[in-house]
Amino acid sequence: MVASLVELSEVAIKRAEAMGALEAEVYAVYARERSMRLLRGSIELSKAGVVVSLATRVSCGRGVSVVGGVVSGVRDVETLVERALSMCKARGDSSAPRALPRGLSSSKPRGIYDEAIVSSSSETMAGILEKLVVDVESASRGRVEVARGSISSRVVARLVANTQREVVAEESTWLTLVCMGVARDAGLESAFWEESTVRRLSDLHVERLAARLADRSLAGLRRTKVETGVLRVLLAPKVSASILDALLAPSISALAIQKKRSPLAGRLGERVLDERVTVLDDATVEAALGSRGFDDEGVESRRTIVVEKGVFKTPLYDTWTASIEGVESTGNAVRPKISSMPEPAPLNLILEPGSEPLESLIGDVKRGLVVYSVIGEWLSDYTRGYLSATITNADYIENGEVKGAVVSGMVSGDFYEMLGSKLLAVGRELEGAGVIYAPPLLIDEVRVVA
Amino acid sequence: MLYADLAERVAKLAGSLGAVDAVVRVHRTEHELVSVDSGYLREHSYTTSSGLTVEVYTEKGRGLAYTSTLDWDSAREAARLAVESALPARSWALAEVEPRRVEYRSVVVEDPLAVDPEEKIELVRDLNRESLETQGVASVTTTLGVERDYVLVARLDGTVSWREVTLVGIAHSVVAKTAGVAEKVRDSKSFEGGWEKIRSFDWRSFTSEVTEIAVKASQARMPPTGVYDAVIDNDLVGTVIHEALGHAAEGDLVAAGASVLSGKLGEKIASEQVTVIDDGMVDGGYPVLFDEEGVVKRRVVVVDRGVLREYLTSRSVARSLGLKTTGNARASGFTSSPLVRQTNFYIAPGDYRLEELFEDLDGIYLRGMGGGGGEVDSATGAFTFYAGPSYLVKRGEVVELVRGALISGRILDFLSRVKAVGRDLRVRTSVFGGCGKEGQVVRVGLGGPHVRVEGVMVGGR
């Protein structure tokens, strides 16, 4: 896979040089996917294919432009380079970055490539789906149906090369299992989604996923009502992570800070969260979802402490935002799509866990909620730093005991207060929502609208 | 008809390899963006994507394969892989449809992809600069988008249909700050057609309005959390209906038992004021004359005066639910398999004039512009949506601008509370976004008339 990308990148670089580019960079991706879709416990569709994408960023003395897309051969690559040069010459932008990254290098994170995923056949994947259905049925004693689901494997080769004849490349794997359980009883219906993405097949624990799906789907049937008011709220790890994704991840981008969109603009060195909160970005963690040897412009991955004991230490940088402040890139360049200019974003953002397990934290709740799933949290506007999310699965707790499930309502509040003065505890179990990892968070005085 | 011969040949090959039915799609997209971020040309990008998909139904099961290389050897290999990867699947029986040939091309006077890049950059830069110079504005992003999307579908039964849709538009996003309070307001305007649509629209008025609202909203408070009687504008009602009702009306979710509308055909699910339609051709919407299975899209009355009449379907969903096909199987690109999707899904206009909707209202006027979108749990109908800057209303008069209003509820409860529907239907599509489902984004039309609803849960501070 890498060899074919090297070949295409050489075509692009030679073409850019021949057309007068001062510098050129190629970012290329080869992705092989195999997936299956599940409907009401049975496989509905099997799918397979290969896509090769390539982006080229060129500098022509009037700025930098980037073009990209799916390519089917050498001619497509040359067309993209020609378009990039013509767009570059149209710029005339004095504030544009003039130089492309140099000194490409790669770290070697462990566990990002797994032969077992590469060689997994349709039968292997169908077997995992079948096991999921059986395990959910067993865990729920036939009371929860796997209404929808899918499994997909991705084998990806990435490459960054430039006119300095520097090349970095790596191969990676992912396997994702997604499922929705539906429990029905006496006219009531309760649904719950679970998802697990791993880099190694051996890290996939179908039984655990099935047990949780069954448990939370059934829990949603035992409904109770809460009154609108202020409650103590314990966020399950994935909910904590999705809230961090919506409100903290975009705010620590150097671009958002430089453009004054982030509430953290001008607050470097200040305490912005509770002292029990330490947040770091680390793309070298073994087998984590965002781990990689280099970012999307070929800068080596590393570990960066963003918030230490509540104090904002540094934003995340790509090469361009770093050059504006005269600092080094933190290796966080991400291309939102193949033809986008890279911009800083977390690769594996981790809120460091505390010591108390979730079960023990529940015991600390005199009157409140344990929230297991929400929707709409991603709609919260990070520029305001204000969270609003709709609860779809939670337990109502009195004196540390579950009194029933809450399947609608809204939680809202100032994010920096919630993880600041209102934070009561940081729990132990670390789980991820995409590339954001967080433990349970116990928060006092959260506004809940019933 | 680009690649029609190749697609027809591949469909026949799939038949000879054992496919009982086969659909071959060619999908080619070109997308250009010019984005100026607070005076700096942040992005001028051009993206292409083209490929071929072979979806087969064999005695063994259903399989799909794709390739990004559009030549005979790669297409033949995709056909072989699709047949080979077909797995024993849940009943994939398909509803019968007639072979048809449909062709559609947007009217384009001036090819927007061929316009001089300098002209595009200058237009976007000027709009951005003017907004940035406004007092109270912290940052501004202005983006020009151009897209040409070509889809060809060939079936084993001889169907060959194609469409080429061209969209252009500008999006403007302003962050204003007052006394440490930041407020972001974003809006966009898109047209089907060529560069002539860009030339003939008053973009300065459009960006000025967005800027003014952002500045005023940054000075506004959030509404008190509570339950309000509300008038909801065209944009926000469109988002709510699409997300909270439209997805639940998609037959694949119904078949999966994952929709709040499952088993409710013929039942009253909304107030009598509410009629809901999914139509492939609507003024201002996104044109879908046939779907990615080559089935002709028909106008579907999903809800008729409060009663649920139809679900949206693909061929396999129609067969499994014992319903008619509606032409709603859509795929976002050549790597995707079609899902049941909406096209232009909206509440049909009613009898009320706008002033009648506000009569005696003590509550809130919820607006969509600058809102943050929404999310829904289709299985339960739970939804949450961010409104844009909105207004508190006393005795029918707007009295105060408020920011950050969020509405939340259950869709069937919400629809039962609709008291009146306005005459002013407006549907809009966008070159900047669309509807997401299972990782696929397709262009749709969103909108509706103003509606008056009692007892809406509004979150604020």
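**Figure 1. Chain B matches the radius of gyration expected of a compact globule.** For 461 residues, the globule rule predicts a value near 23 Å; chain B has 23 Å, which agrees. The model is predicted. Along the principal axes, the C-alpha atoms of chain B fill a box of roughly 70 × 55 × 35 Å. Chain B holds ten helices and 26 strands. Buried residues account for 65% of the 461 in the chain. Contacts between residues at least 6 apart in sequence were also sorted by separation: in chain B, 74% of them join residues at least 24 apart.

**Figure 2. Surface, charge and confidence of chain B.** Chain B exposes about 15800 Å². Carbon and sulfur atoms supply 46% of that area. The chain carries 55 positive and 66 negative side chains. The centres of these two sets lie 3 Å apart. The average pLDDT of chain B is 94. A score of at least 70 is reached by 98% of its residues. For the complex, the predictor gives an ipTM of 0.75 and a pTM of 0.83.

**Figure 3. Chain A, with ten helices and 21 strands.** A compact globule of 450 residues would have a radius of gyration near 22 Å; chain A has 24 Å, which agrees. The C-alpha trace of chain A spans about 70 × 55 × 35 Å along its principal axes. Of the 450 residues in chain A, 62% are buried. Among contacts between residues at least 6 apart in sequence, 72% link residues at least 24 apart. The exposed area of chain A is about 16200 Å², with 48% of it from carbon and sulfur atoms. Chain A has 55 positive and 60 negative side chains. The centres of the two sets are 3 Å apart.

**Figure 4. Close-up of A:Arg40, a non-glycine residue with positive phi.** The phi of A:Arg40 is about 45°. The residue sits in the loop between strand E1 (23-39) and strand E2 (42-59) of chain A. A:Arg40 counts as partly exposed because its relative accessibility is 28%, between the 20% and 50% cut-offs.

**Figure 5. Close-up of A:Ala287, a non-glycine residue with positive phi.** Here phi is about 60°. A:Ala287 belongs to the loop that runs between strand E8 (279-282) and strand E9 (303-308) of chain A. The relative accessible area of A:Ala287 is 13%, so the residue is buried; the cut-off is under 20%.

**Figure 6. Close-up of A:Val239 in helix H6 of chain A.** Helix H6 covers residues 237-247. A:Val239 is buried, with a relative accessible area of 3%. Beyond its neighbours within four places in sequence, A:Val239 contacts A:Val371, A:Tyr372, A:Ser373 and A:Val374. A:Ser153 serves as a reference point for this view. A:Val239 and A:Ser153 are 86 residues apart in sequence. Their C-alpha atoms are 25 Å apart in space.

**Figure 7. Close-up of A:Ser153 in strand E4 of chain A.** Strand E4 comprises residues 144-162. A:Ser153 has a relative accessible area of 5% and is therefore buried. Its contacts, leaving aside neighbours within four places in sequence, include A:Arg32, A:Glu33 and A:Arg34. A:Ser153 is also in contact with A:Ile117, A:Ser120 and A:Met125. A:Trp174 and A:Leu175 complete the list for A:Ser153.

**Figure 8. Close-up of A:Ser340, a loop residue that touches chain B through B:Glu43.** A:Ser340 lies in the loop between strand E11 (333-334) and strand E12 (343-344) of chain A. A:Ser340 counts as buried because its relative accessibility is 4%. Within chain A, the residue touches A:Val66 and A:Arg335, not counting residues up to four places away in sequence. A:Cys179 is 161 residues from A:Ser340 in sequence. From C-alpha to C-alpha, A:Ser340 and A:Cys179 are 31 Å apart in space.

Note on methods
Residues numbered from 1 in each chain as written. Chains lettered and ligands numbered in written order. Predicted model: local features only at pLDDT ≥ 70, side-chain atom pairs only at ≥ 80, totals over all residues. Heavy atoms only, no water. Helix = DSSP H or I, 4+ residues; strand = E, 2+ residues; numbered from the N terminus. Rg over C-alpha atoms; globule rule 2.2 N^0.38 Å. Buried < 20%, exposed > 50% of the residue type's maximum accessible area, 1.4 Å probe, protein only. Contact = heavy atoms within 4.5 Å. Areas by Shrake-Rupley, 256 points an atom, 1.4 Å probe, with all protein chains shown as cover. Lys, Arg positive; Asp, Glu negative; His and termini not counted. Charge placed at Lys NZ, Arg CZ, Asp CG, Glu CD. pLDDT = per-residue confidence, 0-100.
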